[in-house]
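Student: Can you walk me through this one? I'd like to start broad and then get into side chains.

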Amino acid sequence: MTKVAANGRTFTDIDADKCINCGECVRKCPHGARDFIDDYEDFIEDMYSKKGQVSLLVDPSVKVAFPDVWQDVLKWFYTQGIRKIYDVSFGADICTWAQLRSVNTNVVSKYVTSTCASVVSYAQKHQTSLMSKLSPVHSPAACMAIYAKRYLKDTADFAYLGPCIARKEEFDETGVIKYNVTFKRMKEYFEKRKITFSNTGQGFVFEFTHKQGLMGSVYSKPDGVKDNLLLYRPDLNVAGCDGYQRVYDHLEGYTSTVDDYLPDVFEVHSCNDGCNASVGMGEDHSLSVISRVMDMTKKDAEKRRSGIFLINKNDKLFKEFDKDLKLELFCRKYVSKAKFEQQPTSNDLNNIFNTLFKVTNDDRNINCQACGHKTCTDMATAIFHNCDVKENCINYARNLPKNDSAQVAEIRKSLTDMAKIVKDNIPLLSDNVTAIRKEAVSIFSNNGKTADAAKTINSVIEQMIEACKNPKMTPETLAEISSTLDLIRKILLNLGKFVTKNSESGYNIDKSITAVDNVAINISEMVDSILNKHSK
């Protein structure tokens with residue numbers, strides 16, 4: 001979604017109603033201007049402040065994220081107060097079982113796999129006709145959480161440690177898991193804290209709280225679901241596709257294809273090379289590394305599956321599932337999130353074209369694509385839907401009158417000044433508040449009050465940033481920002497009373513409080529200066 005900033009410059013913002021959290025904007029931006037949000041900070045705080053009340057669900061791609069040291073990484077979580085650690089591979093085994101039983105009981109016939117959260121979001125937001133074709137089975141992570149909660153009686157809050165940024169929306173919707181924590185954020189945490197791990201040479205064995213998964217451990221690679229399904233139903237026709245460049249084009253035509261020409265199962269991954277190459281991994285591992293790790297994972301799973309007596313443990317496991325599990329507990333219903341938009345009439349488009357100084361038919365079919373749209377009509381339609389702005393049109397920019405009044409120029413100057421204040425100072429403010437939150441996890445006795453205060457300040461700053469983005473900023477808005485800064489300073493004053501300063505973390509928090517206070521004063525003085533100018 002394109003918007004106009006206070007200084008008149010255009011920028012692209014994320015439209016949450018349309019975003020499917022595939023992470024491609026983060027991956028492709030060469031300037032690092034895009035990033036993602038997970039629940040890492042809340043998880044770290046609660047891991048320390050609520051010891052024994054958080055359990056961890058670990059995605060099988062952990063072996064790719066932390067090759068050779070993943071066991072040590074998981075042991076570290078145990079030492080920090082995590083209650084229990086579960087292997088999501090076991091949840092994937094449940095997921096395979098549930099998919100096969102759904103087919104066998106005619107709950108679904110031909111379907112699209114639902115293990116990729118971005119694909120599910122795409123169906124919910126952009127192609128609702130696809131929702132009825134999605135597998136009704138929860139993702140492996142959710143299956144593991146449901147099993148732990150219902151059958152193992154684990155009452156803790158669940159955190160998912162994995163590579164997928166799209167899981168956050170899935171978890172918020174289903175309510176099964178509280179925290180989505182990416183490998184990337186944990187790697188950044190380890191690096192900052194100078195926490196290192198060594199290769200303990202344990203292969204693929206780890207003492208999870210419950211059973212380690214079998215063939216579910218290969219779910220994170222392309223054809224991982226296929227490998228699992230064909231073990232039990234070699235007669236199934238399972239097709240696969242990965243990579244956003246191809247997946248969504250194929251899905252667009254899926255619902256319009258005659259059933260006779262559809263595969264029994266269509267396995268799809270939004271990320272190239274599956275979950276092992278997701279944005280939340282933290283680094284792009286070479287295909288050779290991914291291939292080596294997944295090959296070893298598969299061989300280990302096959303070995304554990306057959307055992308020394310060649311007993312098919314998968315068959316035994318599924319018999320236990322048939323006996324103990326209720327299929328309906330591991331199935332979900334999909335809710336449409338599509339914003340059905342009214343299409344512009346010819347009169348609507350005509351009015352928009354006129355504002356773009358496109359009067360003739362030739363003007364309206366320049367189709368230079370500089371705006372990012374294929375045709376001028378597509379651009380006008382995007383403007384109608386508030387997904388783009390006329391300032392992005394070259395024709396508009398070339399024909400824009402250069403006779404702005406002095407009053408408009410003065411207002412623009414004030415807004416430009418305000419935007420500069422935000423640009424120069426808000427990052428400092430946010431960085432120091434973030435520092436307070438991160439240091440707070442090391443101070444157990446004061447953690448609750450410190451963290452709560454930091455969260456409150458963070459929330460106030462976010463509201464202030466949103467106010468500053470308003471291109472129609474008024475003196476009243478500036479006055480509100482000024483009062484907000486006063487509120488931040490009062491919170492800081494009370495916060496300082498609770499911080500013990502005779503520790504390194506306490507010292508760092510106290511230092512950050514002083515920095516935030518200084519920045520707040522700086523912004524407040526400049527805002528007041530602009531307010532005084534407007535009041536004259």
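Tutor: Here is a walk from the overall fold to cores, rings and cysteines. Keep in mind that this is a predicted model.

Student: Fine. How many helices and strands in the protein chain?

Tutor: The protein chain has 20 helices and nine strands. It runs to 536 residues, and 49% of them count as buried.

Student: What share of the contacts is long-range, at least 24 apart?

Tutor: Take the contacts between residues at least 6 apart in sequence: 78% of those join residues at least 24 apart.

Student: And what does the accessible surface come to?

Tutor: About 26100 Å² for the protein chain, with 51% of that belonging to carbon and sulfur atoms.

Student: On to the inside. How many residues are in the largest nonpolar core?

Tutor: The largest nonpolar core has 40 residues. Those with the most contacts inside it are Leu57, Ile94, Trp97, Ile177, Leu229, Phe321 and Phe330. Helix 5 (88–104), helix 7 (140–150), strand 6, helix 10 (224–232) and helix 13 (313–324) each supply at least two of its residues.

Student: Which helix gives the most to this core?

Tutor: Helix 5, with nine residues.

Student: What does Phe321 touch?

Tutor: Leaving out residues up to four places away in sequence, Phe321 touches Phe90, Asp93, Ile94 and Trp97. Apart from this core lies another one, of 35 residues. Val69, Tyr179, Val181 and Tyr189 are among them.

Student: New topic: rings. How many aromatic pairs does the structure hold?

Tutor: It holds 22 aromatic pairs. One of them is Phe66 with Phe190: the ring centres are 6.3 Å apart and the planes are at 65°, so this pair is edge-to-face. It links distant parts of the chain, 124 residues apart. Phe66 is in the loop between helix 3 (62–65) and helix 4 (70–79), while Phe190 is in helix 9 (residues 183–192).

Student: Are those two buried or exposed?

Tutor: Phe66 counts as buried, at 8% relative accessibility. Phe190 is buried as well, at 4%.

Student: What about Tyr160 and Phe171?

Tutor: Their ring centres are 5.6 Å apart and their planes are at 75°, so that pair is edge-to-face. Tyr160 sits in strand 6 (residues 157–162) and Phe171 in helix 8 (residues 167–174), so the pair ties together parts 11 residues apart in sequence. Both residues are buried.

Student: Which residues form the aromatic cluster?

Tutor: One cluster is formed by Tyr40, Phe43, Phe66, Trp76, Phe77, Tyr179, Phe183, Tyr189, Phe190 and Phe197.

Student: Where does the charged end of Lys187 sit?

Tutor: Over the ring of Phe66, 5.5 Å from its centre. Likewise, the charged end of Lys63 sits over the ring of Trp70, 4.9 Å from the ring centre.

Student: Switching again. Why is helix 6 called largely enclosed?

Tutor: Nine of the nine residues of helix 6 (residues 117–125) are buried, so the rest of the structure largely encloses it. The buried set includes Ser118, Ser121, Gln124 and Lys125.

Student: What covers the buried residues of helix 6?

Tutor: The cover includes helix 8, helix 11 (244–254) and strand 9 (265–269).

Student: And Arg167 in helix 8: buried or exposed?

Tutor: Arg167 counts as buried, at 6% relative accessibility. With residues up to four places away left out, Arg167 touches Thr115, Ala117, Ser139, Tyr160 and Asn180.

Student: Where is Leu74?

Tutor: Leu74 is in helix 4. It is buried, with a relative accessible area of 0%. Beyond residues up to four places away in sequence, Leu74 touches Val58, Ile85, Leu161, Phe206 and Phe208. The C-alpha atoms of Leu74 and Phe206 are separated by 8.6 Å, and the two residues are 132 residues apart along the chain.

Student: Last one. How many disulfides?

Tutor: The count is zero, with the rule being sulfur atoms within 2.5 Å. For Cys25, the closest cysteine sulfur is in Cys19, 6.3 Å away, too far for a bond. Cys25 is partly exposed, with a relative accessible area of 36%.

Student: Why no bond for Cys331?

Tutor: Because the closest cysteine sulfur, in Cys143, is 8.2 Å from the sulfur of Cys331, too far for a bond. Cys331 counts as partly exposed, at 22% relative accessibility.

Methods: Residues numbered from 1 in each chain as written. Predicted model: local features only at pLDDT ≥ 70, side-chain atom pairs only at ≥ 80, totals over all residues. Heavy atoms only, no water. Phe/Tyr/Trp six-rings, centres within 6.5 Å; stacked < 30°, edge-to-face > 60°. Helix = DSSP H or I, 4+ residues; strand = E, 2+ residues; numbered from the N terminus. Buried < 20%, exposed > 50% of the residue type's maximum accessible area, 1.4 Å probe, protein only. Lys NZ or Arg CZ within 6 Å of the ring centre and 35° of its normal. Contact = heavy atoms within 4.5 Å. Areas by Shrake-Rupley, 256 points an atom, 1.4 Å probe, with all protein chains shown as cover. Core = buried A, V, L, I, M, F, W, Y, C linked by side-chain atoms within 4.5 Å.
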